[in-house]
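Student: I would like a close look at one part of this model, followed by an account of its surroundings.

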Amino acid sequence: MGKTTGFLEYGRKTEPYKPVDKRVKDFKEFTLPLKEKELKEQGARCMDCGIPFCHSGCPLGNLIPDFNDAVYRGKWEKAAQILHATNNFPEFTGRLCPAPCEEACVLGINEDPVSIENIEKNIVETAFKKGWVVAMPPETRTGKKVAVIGSGPAGLAAAQQLNRAGHSVTVFERDEKPGGLLRYGIPDFKMEKHIIDRRLEVLKEEGIDFKCGVHVGVDITGG
Ligand code: SF4
């Protein structure tokens, strides 16, 4: 677990916002990252509960106490492996998810919950900076072809899993570029577009084919 007495020693901290006079000058993300020491303290707050309600709060079933502990111990690569075991794109969820895990966190019953979402975001950002997020193409191909219609987060995750299972995946997207709501529904101040493009490069390296500007059912049919 994190530090046995961590939840007694440290309060909850989340990423602060840029000052307003700086924030109004551009449309970029407006949060400032926590320092490594602060992130470790936040990981230390996790109580490794006997029944970790954060698990059931998270729709992905993220292994939250495990990556909290790894962050507390400074084992960032291990934390990244644990996080990617259940989450294809933590850099999206770490910015955009409404964090039902934090609502479910046991510490939140009588204290502020563990700042799980910020921890998640910083694990994956560290992983990208250190070069730990690499393409993982399948060793063999099944010879089967799969079409994924729509390149929103669900389509991208399905494509990645199916591709890693060895199928040859083509993602069809009606818009000009892949990403769906991630690209066309989320403003840059929540998530800048290069975050999407960075992950798309990994997916392409893994062998996923993207066909944009194709309206399935109109431009092409299943027949
Ligand atoms: S519920 Fe909260 S304190 Fe308990 S294991 Fe999950 S993150 Fe840690």
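Student: Which residue just after α10 takes a positive phi, and of about how many degrees?

Tutor: In this predicted model, the residue is Gly-166, which lies just after α10 and takes a positive phi of about 105 degrees. The helix that precedes Gly-166 comprises residues 153-164, twelve in number, and spans 16 Å between its first and last C-alpha, close to the 16 Å expected at 1.5 Å a residue. Leu-156, Ala-159, Gln-160 and Asn-163 are the buried residues of α10; because they cover an arc of only 95 degrees around the axis, they are on the same side of α10. Their packing partners are β1 (145-149), β2 (168-173) and α12 (193-205).

Turning to the nonpolar cores, the largest has 28 residues, and those with the most contacts inside it are Phe-67, Val-71, Ala-79, Ile-116 and Ile-123. The elements that give two or more residues to this core are α3 (36-44), α5, α6 (76-84) and α9 (116-130). Apart from it lies another core, of 13 residues, which includes Leu-156 along with Phe-92, Val-148 and Ile-195.

The ligand is surrounded by 15 residues, of which Cys-46, Cys-49, Pro-52, Cys-54 and Cys-105 come nearest. Two or more residues of this shell come from each of α4 (53-57) and α5 (64-72), with α5 giving the most, three residues. By class, the shell has 13 nonpolar residues, one polar and one charged. Leaving aside neighbours within four places in sequence, Ile-116 is in contact with Cys-54 and Cys-105, and also with Ile-64, Ala-99, Cys-101 and Glu-102.

Conventions
Residues are numbered from 1 along each chain as its sequence is written. This is a predicted model: local features need pLDDT of at least 70, side-chain atom pairs count only at pLDDT 80 or more; totals for chains, interfaces and linings use all residues. Helices (H or I, at least four residues) and strands (E, at least two) are DSSP runs, numbered from the N terminus. The expected span of a helix is 1.5 Å times one less than its number of residues. A residue is buried if 20 or more other C-beta atoms lie within 10 Å of its own, exposed if 12 or fewer, and partly exposed in between; C-beta atoms are placed from the backbone. The arc is that of the directions from the helix axis to the C-beta atoms. Two residues are in contact if their C-beta atoms, placed from the backbone, lie within 7 Å. A residue is near a molecule or strand if its C-beta atom, placed from the backbone, lies within 6 Å of it. Ala, Val, Leu, Ile, Met, Phe, Trp, Tyr, Cys and Pro count as nonpolar, Asp, Glu, Lys and Arg as charged, and the others, Gly among them, as polar. A nonpolar core is a set of buried Ala, Val, Leu, Ile, Met, Phe, Trp, Tyr and Cys residues joined through C-beta atoms within 7 Å.
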